[in-house]
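Grab a pencil and have a look at the protein below. A few exercises follow, each with a solution worked out step by step.

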Amino acid sequence: MMHDKIKFWAICFLLLTLSSKIQSQQPEKRKINETILIASEPDYPPYCMVDENGNATGFSVELFKAAAEAVGLDVEIKIGIWNQIRQDLEEGRVDALPLVGRTPEREEIFDFTMPYLSLHGAVFVRKYETGIQSLEDLKDKEIVVMKGDNAEEFVRRTNISEKIFTTNTFEEAFRELEAGRFDAVITQRITGLKLLEQMKVSSIKPLDFQLPEFRQDFCFAVQKGNQELLVLLSEGLSILIANDTFEALRFKWFGPEENMISREKIIRRTLFILIPVLIAGIFLWIVFLRKEVKRRTKKLNTEINQHKKTLQDLEIQQKLYKESEAQIRLLLDSTAEGIYGIDMNGDCILINQSAIKTLGYADQNQVLGKNMHELIHHTKPDGSKCLQDECQIYKAFKNGTGTHSTDEVFWRSDGTGFPTEYFSYPIRQKGIITGSVVTFWDISERKRTENELIKLKDKLEEQVAQRTTELEEKIQKLDKSQKAMLYMVEDLNAITSELKVERRKLEAANHELEAFTYSVSHDLRAPLRAINGFSKFLLEDYAEKLDNEGKRFISTICENASKMDQLITDLLNLSRVSKSEMRFTKIDMTTIAWSMYSEMVSKVEQNTFDVTIHKLPEVVCDFSLIKQVWQNLIGNALKYSSKSATKKIEIGAVEEENEITFFIQDEGAGFNPEYKHKLFGLFQRLHHENEFEGTGVGLAIVQRIVARHGGRVWAEGEVNKGATFYFSLPGNSSLTE
């Protein structure tokens with residue numbers, strides 16, 4: 001990485017030489033005051049996510065807002081799952097997205113700015129998985145990815161596996177993997193690690209092998225053809241890179257060593273693109289000059305005027321050279337690292353402002369032309385003076401190599417020293433070494449931190465020894481209490497025997513319940529299917545022999561047989577809810593609520609319903625069962641609001657000391673409050689099935705699931721004024737069935 005930095009500064013020196021022959025213009029600053037709408041994901045940390053107040057945040061969101069502000073744009077942000085907001089951009093419902101991986105598939109529908117982020121993909125499995133060691137091992141495995149994500153495009157494009165499944169969010173995908181329903185999740189490595197940390201899941205790990213074809217550059221994306229907005233966002237991103245805003249945001253969200261495209265790398269890539277253009281411009285300029293010479297040769301009578309014009313051209317070129325030299329100087333002086341260049345004698349030929357300030361000099365005139373080794377007084381690691389011939393910097397570039405050190409001390413002009421880390425690299429002109437460029441930092445703070453850590457380590461060792469002594473004393477006290485525990489164990493054995501008897505009774509009751517379920521599933525359904533089948537045969541084979549009344553009777557028989565079959569199915573679902581084994585994990589209720597709403601609402605209903613989902617607290621519960629609670633309650637709110645003039649649904653929660661209460665409020669058909677005690681009863685309905693279809697089992701299933709979690713359910717409402725359904729769950733950090 002540091003060699004790349006040295007090459008970057010070598011390119012700067014090359015540009016300084018070429019700039020004397022290049023014309024340049026300063027772009028005119030736009031003044032635009034316009035509001036654009038963008039969309040952000042709620043769970044793609046640390047790039048796009050939702051804070052505790054329900055607002056969009058993350059590195060990519062803050063970077064986009066800063067880039068828009070730099071070019072005079074105001075930003076409004078909506079939050080949605082990835083597959084929906086991607087479709088919103090494609091169909092023009094939003095103007096831009098802050099985080100989109102650039103893939104061949106997406107280049108057909110979106111336009112992209114320059115990349116500001118580069119991520120590598122990884123395969124995540126359960127911690128003790130041993131059957132997946134390479135890409136070939138995934139051929140017969142079940143892979144789960146987020147719907148519409150570039151991970152889905154990658155696995156389908158490369159045909160990694162024939163068993164590919166999708167979820168609405170990566171959090172849901174990791175929950176399914178944790179529960180053992182799939183073999184692996186494929187996503188960006190950093191995003192997966194951050195999300196697992198946020199979910200507090202320790203049973204899933206990324207595998208070490210690479211996915212060579214799944215390295216993604218991320219950009220801002222706009223709708224295909226929206227060149228005006230694309231140009232503005234690219235300009236804003238360039239401004240952030242130039243004024244250090246990009247570096248500040250990167251450091252805020254990732255620290256100093258994350259896998260990002262740094263400001264210098266972006267500038268370097270831009271320079272690599274510009275250099276061929278500049279060379280082509282020089283070539284064209286030379287061609288032009290040759291034609292001009294031929295023309296002047298033919299017109300000797302205008303020689304005096306041509307000389308005047310040549311002098312004017314030279315003045316312009318000199319002015320451009322000074323401007324280019326000033327721009328390169330500004331670039332060098334804007335970096336935080338100290339940089340200086342020396343010739344073969346060790347004399348300073350170049351120094352930037354950071355180096356001047358760090359070494360304690362007033363300006364470059366006090367340093368240029370002076371021997372740098374004598375100015376900064378290199379010392380050996382033992383503190384003794386180092387002669388110039390022994391200096392690693394001097395010896396390295398003399399031998400044609402670079403060098404790096406963190407063990408030397410540089411001295412300021414006032415005689416004080418500071419520990420430094422430096423890199424040096426030789427300067428070559430036409431293959432000949434003419435000097436060296438040195439980049440250095442003051443690492444006093446780092447050294448101080450290292451010393452403090454050593455002291456802290458010694459202190460911790462003393463505390464561990466002290467705590468060990470205290471634990472030995474407590475163990476002795478516990479030995480004295482052991483005898484008392486033996487008497488308690490005898491009492492517990494007696495209680496255990498009684499519990500075993502009760503358990504055998506419970507097992508017998510469960511066997512009877514299973515026999516009843518089997519009878520309902522097979523013995524009752526078989527006659528119903530026969531009634532339904534023979535009734536259809538009558539309608540098909542003897543229709544001409546039946547009058548309209550007879551046909552109506554047979555249709556009524558088929559309809560009621562189907563209703564009876566649906567009732568049996570709902571009863572079996574209710575029975576399974578009571579018998580299924582519960583697996584408790586910490587669940588993000590906001591993500592589940594958004595996911596269930598997105599699955600159940602159609603595109604037409606999205607435009608007619610006004611849905612608000614507040615930030616919901618996390619709870620410890622069974623993922624599959626709580627998912628069914630949200631599905632039934634949100635489905636009821638959509639169904640009973642479908643015929644109302646106001647189609648508004650609000651979902652929220654109230655957190656108390658010992659329990660968390662969730663609510664789903666609508667402004668639909670409502671119900672008579674005198675009969676609210678019947679709502680959660682089996683087959684109890686407060687509306688005729690001609691108005692709203694259903695069997696009356698859904699709310700009974702909700703009550704059974706919440707009761708198994710140790711909670712309660714209730715509802716409030718009025719006829720034609722809407723209804724509010726509540727369910728509560730214990731507020732402690734762990735639950736048992």
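## Getting your bearings

Of the 737 residues in the chain, 41% are buried, where buried means under 20% relative accessible area, exposed means over 50% and partly exposed is in between (1.4 Å probe, protein chains only). This is a predicted model, in which local features need pLDDT of at least 70, side-chain atom pairs count only at pLDDT 80 or more, and totals for chains, interfaces and linings use all residues. Residues are numbered from 1 along each chain as its sequence is written, and side-chain values use heavy atoms, with hydrogens and water left out.

**Exercise 1.** Work out what the mean pLDDT of the chain is, and where the pLDDT is below 50.

*Solution.* Start with the term: pLDDT is the predictor's confidence in each residue, from 0 to 100. Its mean over the chain is 79, and 78% of the residues reach 70 or more. Next, look at residues 257-263, where pLDDT is below 50; beyond near neighbours in sequence, that stretch has 29 contacts in the model (a contact means heavy atoms within 4.5 Å). Residues 733-737 are below 50 too, and this stretch has 12 contacts beyond near neighbours in sequence.

**Exercise 2.** Describe the chain as a whole: its secondary structure, its contacts and its exposed area.

*Solution.* First, the secondary structure comes to 19 helices and 25 strands; helices (H or I, at least four residues) and strands (E, at least two) are DSSP runs, numbered from the N terminus. Then take contacts between residues at least 6 apart in sequence: 68% of them join residues at least 24 apart. Finally, the chain exposes about 41900 Å², with carbon and sulfur atoms supplying 53% of that. Accessible areas come from the Shrake-Rupley method with a 1.4 Å probe, and for residues only the protein chains shown count as cover.

**Exercise 3.** Follow helix α7 from its span to the residue after it.

*Solution.* α7 covers residues 227-242, which is 16 residues, and reaches 22 Å from its first C-alpha to its last. That is close to the 22 Å expected at 1.5 Å a residue, the expected span being 1.5 Å times one less than the number of residues. Its buried residues include Leu229, Leu233, Gly236 and Ile241. After the helix comes Asp244, in the loop between α7 and α8 (245-254). Asp244 is partly exposed, at 33% relative accessibility.

**Exercise 4.** Find what is unusual in the backbone at Asp244, Lys200 and Pro46.

*Solution.* Begin with the background: most residues other than glycine have a negative phi, and most peptide bonds are trans. Asp244 is not a glycine, yet its phi is positive, about 75°. Lys200 also has a positive phi, near 60°; Lys200 sits in the loop between α6 (189-199) and β12 (204-206) and is exposed at 66% relative accessibility. Last, the bond from Pro45 to Pro46 is cis, with omega near -5°, and Pro46 lies in the loop between β2 (43-44) and β3 (48-50).

**Exercise 5.** Which residues does Val75 touch, not counting residues up to four places away in sequence?

*Solution.* Val75 is in strand β5 (residues 73-79) and is partly exposed, with a relative accessible area of 26%. Its partners are Ile36, Ile38, Phe64 and Ala68. Check one of them: Ile36 is 39 residues away along the chain, but the two C-alpha atoms are separated by 5.2 Å.
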